[in-house]
Amino acid sequence: MSVAPIPTKSSTSQSVTTSPSVSDRYRLETTQLDMPPRILLGPGPANVHPRVLGALGVPPVGHLDPTFLKLMDELCNLLRYAWQTENKMTIAVSGTGSAAMEATIANSVEPGDVVLVGVKGYFGHRLVDMAERYGGDVKQINKPWGEAFTLEEIKTGLETHKPKVLALVHAETSTGVRQPLEGVADLCHQHGCLLLVDTVTSLGGVPLFIDQWGIDLAYSCSQKGLSCPPGASPFTMSARALEKLQKRQSKVPNWYLDMSLLTKYWGSDRVYHHTAPINMNYAFREALRLVAEEGLEERWARHQKNAELFWEGLADMNLECHVPKETRLPTLTTVRIPDGVDGKAVCRKLLNEYNIEIAGGLGDLGGKVWRVGLMGYNSRPENVLLLLNALKKVIFA
Ligand SMILES: *Cc1c(COP(=O)(O)O)cnc(C)c1O
């Protein structure tokens with residue numbers, strides 16, 4: 001990009017400008033924001049509840065304003081409800097789910113720690129990558145994409161590798177599998193190991209009990225089961241995990257996600273750390289209020305009922321689910337693409353002709369499945385019927 005030279009007094013020939021001329025190179029002619037009315041039935045984001053959208057537009061106050069501090073406290077308590085935990089350190093990380101994911105790793109893994117990751121899909125691999133970046137001595141146990149680990153397999157993994165941290169994905173969005181977690185923490189704690197769980201596609205849609213199940217570190221996101229835009233992400237850690245953090249030999253190598261600093265901002269000290277995204281927190285609090293109003297058990301039952309309506313409709317069309325019913329998530333269904341059908345073309349047509357977004361497979365399931373999300377506000381019978389009818393037209397027309 002070249003800037004016009006400053007005309008000198010002696011340059012009499014062309015211009016009378018006395019300052020450098022402004023380049024218009026990036027001054028594009030744009031239209032007013034006008035996005036299509038998509039129905040987001042893929043792996044996320046999901047559609048946002050109108051009350052949450054309303055909260056986004058409320059004028060921001062300062063991030064240390066007493067009214068905002070009160071809102072932060074309310075948000076933490078609503079998160080404790082959604083997660084069923086008494087954990088003191090339960091906050092919304094400023095960032096998407098991956099930021100909260102990185103926060104759990106950064107605050108629990110010290111260089112040289114053995115970290116055992118249960119890999120049965122795409123997000124297990126991401127945990128491996130993150131734990132390695134923080135100096136973890138990462139070991140894996142693996143399952144084919146579409147299966148869950150048994151308690152016995154987890155026990156063998158713990159006995160073989162003797163890890164400091166075991167990381168599991170509760171709801172693997174790449175495969176549609178629900179990993180049963182009952183009994184896992186007892187095994188971990190017998191081996192002096194922390195249990196770290198990805199609850200991104202389960203929080204707000206699938207039964208989940210942080211304290212009862214003994215989970216030490218967990219993270220989630222705002223845009224899937226909680227029907228808020230992406231940008232604020234639940235994080236929680238138990239007293240056990242906090243103790244490991246306090247005993248660290250070295251600083252958490254990530255300043256932004258260091259919970260020993262963030263406790264001072266979210267806790268009673270209120271020491272400035274970073275400016276919380278004010279409006280995202282307004283929106284997120286409203287999304288969590290909707291969860292509390294509905295009630296967790298009612299919400300889980302709604303997700304299960306609408307997912308079953310979808311599965312019945314698929315069966316009527318002779319379409320098969322990739323995951324057996326016992327471990328199939330209600331929030332995310334992987335549907336096998338029938339032989340001879342162009343999976344990508346179906347997604348494209350649904351989007352262009354029906355404004356419906358679904359997704360294709362990732363990794364080992366690339367080209368083999370569609371991924372359909374029925375999460376939060378989107379888990380409604382009218383959405384199920386709309387998608388089934390559109391699928392019927394697009395696949396069999
Ligand atoms: C979406 C997702 C993430 C990452 O969240 P982002 O908000 O995309 O950063 C992590 N884990 C699982 C299981 C997910 O589905």
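## Around Val252

Val252 touches Ala106, Asn107, Leu245 and Asp258, leaving aside residues up to four places away in sequence. You'll find Val252 in the loop between α7 (239-246) and α8 (259-266). With a relative accessibility of 8%, Val252 counts as buried, because that value is under 20%. One of the residues Val252 touches, Asn107, sits 145 residues away along the chain, yet the two C-alpha atoms are separated by 6.2 Å. Keep in mind while looking around that this is a predicted model.

## Ser220 and its neighbours

Now for another loop residue. Ser220 is in the stretch between β9 (217-219) and β10 (232-237). Is Ser220 buried or exposed? Its relative accessibility is just 1%, so Ser220 counts as buried.

Ser220 has a list of contacts that again leaves out residues up to four places away in sequence: Trp83, Gly97, Ala100, Thr199, Val200, Leu203, Ser233 and Pro234. As for Thr199, its backbone oxygen is reached by the side chain of Ser220 at 3.0 Å.

## The chain as a whole

Let's step back. The protein chain has 397 residues, and 53% of them are buried. Its secondary structure comes to 12 helices and 14 strands. Along the principal axes, the C-alpha atoms fill a box of roughly 85 × 65 × 40 Å.

Contacts across long stretches of sequence show up here too. Take the contacts between residues at least 6 apart in sequence: 71% of those join residues at least 24 apart.

## Two domains and where they meet

The domain assignment splits the chain into domain 1 (40-46 + 295-396) and domain 2 (50-292). Their C-alpha centres lie 26 Å apart. Where they meet, 28 residues of domain 1 are in contact with 32 residues of domain 2. Together the two domains bury about 2,400 Å² between them, with 63% of that on carbon and sulfur atoms. On the domain 1 side, Leu296, Trp300 and Leu329 lose the most area to domain 2, together 27% of what that side buries.

What kinds of pairing cross this interface? There are zero salt bridges between the two domains, but 16 residue pairs are in polar contact. On the side of domain 1 that touches domain 2, α10 (296-316) and β11 (332-336) each supply at least two residues. It's α10 that gives the most to that side, with four residues. By class, that side of domain 1 has 14 nonpolar, nine polar and five charged residues.

## Salt bridges

Side chains of opposite charge can pair when their charged atoms come close. This structure holds 23 salt bridges. Asp113 is a good place to start looking: its side chain meets that of Lys164 in a salt bridge (3.6 Å, N to O). That pair links distant parts of the chain, 51 residues apart, with Lys164 in the loop between α5 (151-161) and β5 (165-169) and Asp113 in the loop between α3 (97-108) and β3 (114-119). Lys164 counts as partly exposed, at 41% relative accessibility, whereas Asp113 is buried, at 6%.

Asp113 also forms a salt bridge with Lys244, where the closest N and O atoms are 2.6 Å apart. Lys244 lies in helix α7, 131 residues from Asp113, and is buried with a relative accessible area of 15%. Glu243 pairs with Lys247 in another salt bridge (2.8 Å, N to O). Here Glu243 is partly exposed, at 39%, and Lys247 is exposed, at 57%. Elsewhere, salt bridges that share partners join Arg51, Glu286, Arg289 and Glu293 into one network.

Note on methods: Residues are numbered from 1 along each chain as its sequence is written. This is a predicted model: local features need pLDDT of at least 70, side-chain atom pairs count only at pLDDT 80 or more; totals for chains, interfaces and linings use all residues. Side-chain values use heavy atoms; hydrogens and water are left out. Domain bounds come from an automatic or database domain assignment. Contact means heavy atoms within 4.5 Å. Buried area is the accessible area (1.4 Å probe) that two parts lose on being put together, summed over both. A salt bridge is a side-chain nitrogen of Lys or Arg within 4 Å of a carboxyl oxygen of Asp or Glu. A polar contact is a pair of N or O atoms within 3.5 Å; within protein, one must be able to donate a hydrogen and the other to accept it, and residues adjacent in sequence count only if both atoms are side-chain atoms. Ala, Val, Leu, Ile, Met, Phe, Trp, Tyr, Cys and Pro count as nonpolar, Asp, Glu, Lys and Arg as charged, and the others, Gly among them, as polar. Buried means under 20% relative accessible area, exposed over 50%, partly exposed in between (1.4 Å probe, protein chains only).
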